[in-house]
Amino acid sequence: MKNKLTLTDILVTIVIAIVFSVIYKIWGPLYNTLSVFGLHIDQLVYGMWFMAATVAFLIIRKPGVALLAELAAAQGEFLFGGQWGISLLLYGLVQGLGCELIFAIFRYKNHRIFVMCLAAIGATIGSLWLDTYYGYIQELVWWNLTLLIVFRTLGAIVITGFFAFYLVKALEKTGVTNLVRPVNQKHYQALDEEVR
């Protein structure tokens, strides 16, 4: 499989990102509603903002796709009037890099659920790092900070890891992903068997 992104790969990634930018925009009010309950319950749904990266990577399976998807989804959310403004682009960057780093460690060849969960943790670390830059996270007492980190990580693993993985598995059953993935040896063998 060639690791170089083609124009088709980029366009499909952008389409995925646009879909997720709409979802991200809609997700903001849900996140705000849950924040009313306190104790960082809202962090359990924070992982949705990392999902474009894992879904795009599971579909395209090439280097750079996760970063491109997160950046484009953040850009789209910003253009649709996302409530966090220009900071969305920075979050898209660090979250995409967090995912991309994990995929690079596995040389972009492992597409298992475990790797998607690790990518979710990578995106979580990126978002938490940027939260420290904005300054509010250091003001939390240790138990409150621990609760925030644990809930955001758990939510990310469930949404960005498990949910994204099974969403793409469902798409694979429809055959949609075959339109963007290159033909592999299994496909050639199936053709040879049909010819015989």
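At what angle do α4 and helix α5 pack, and how far apart are their axes? In this predicted model, α4 and α5, the latter comprising residues 113–134, pack at an angle of about 145°, with 7 Å between their axes, and the crossing of α4 past α5 is right-handed. On the α4 side the contact is made by Ser87, Leu90, Tyr91, Val94, Gln95, Gly98, Cys99, Ile102 and Phe103, while the residues contributed by α5 include Val115, Leu118, Ala119, Gly122, Ala123, Gly126, Ser127 and Trp129. By character, the residues of this contact divide into 14 nonpolar, six polar and one charged.

One of the α4 residues in this contact is Gln95, which lies in the helix spanning residues 87–105. Gln95 has a relative accessibility of 4% and therefore counts as buried, the cut-off being under 20%. When its neighbours within four places in sequence are left aside, Gln95 is in contact with Ala123 and Ser127, and also with Tyr46, Trp49, Phe50 and Glu70.

A further helix, α6, covers residues 142–174 and contains 33 residues. Because each residue is taken to add 1.5 Å, α6 should span 48 Å, and the 47 Å between its end C-alpha atoms agrees with this expectation. Within α6 there is nevertheless a kink of about 30°, centred on Phe163. Just after α6, Gly175 adopts a positive phi of about 90°.

Methods: Residues are numbered from 1 along each chain as its sequence is written. This is a predicted model: local features need pLDDT of at least 70, side-chain atom pairs count only at pLDDT 80 or more; totals for chains, interfaces and linings use all residues. Side-chain values use heavy atoms; hydrogens and water are left out. Helices (H or I, at least four residues) and strands (E, at least two) are DSSP runs, numbered from the N terminus. The expected span of a helix is 1.5 Å times one less than its number of residues. The bend at a residue is the angle between axes fitted to the seven residues ending there and the seven starting there. Buried means under 20% relative accessible area, exposed over 50%, partly exposed in between (1.4 Å probe, protein chains only). Contact means heavy atoms within 4.5 Å. Axes are lines fitted to C-alpha atoms, for helices over the stretch in contact, and angles run from 0 to 180 degrees between N-to-C directions. A crossing is left-handed if the near helix is turned anticlockwise from the far one by less than a right angle, and right-handed if clockwise. Ala, Val, Leu, Ile, Met, Phe, Trp, Tyr, Cys and Pro count as nonpolar, Asp, Glu, Lys and Arg as charged, and the others, Gly among them, as polar.
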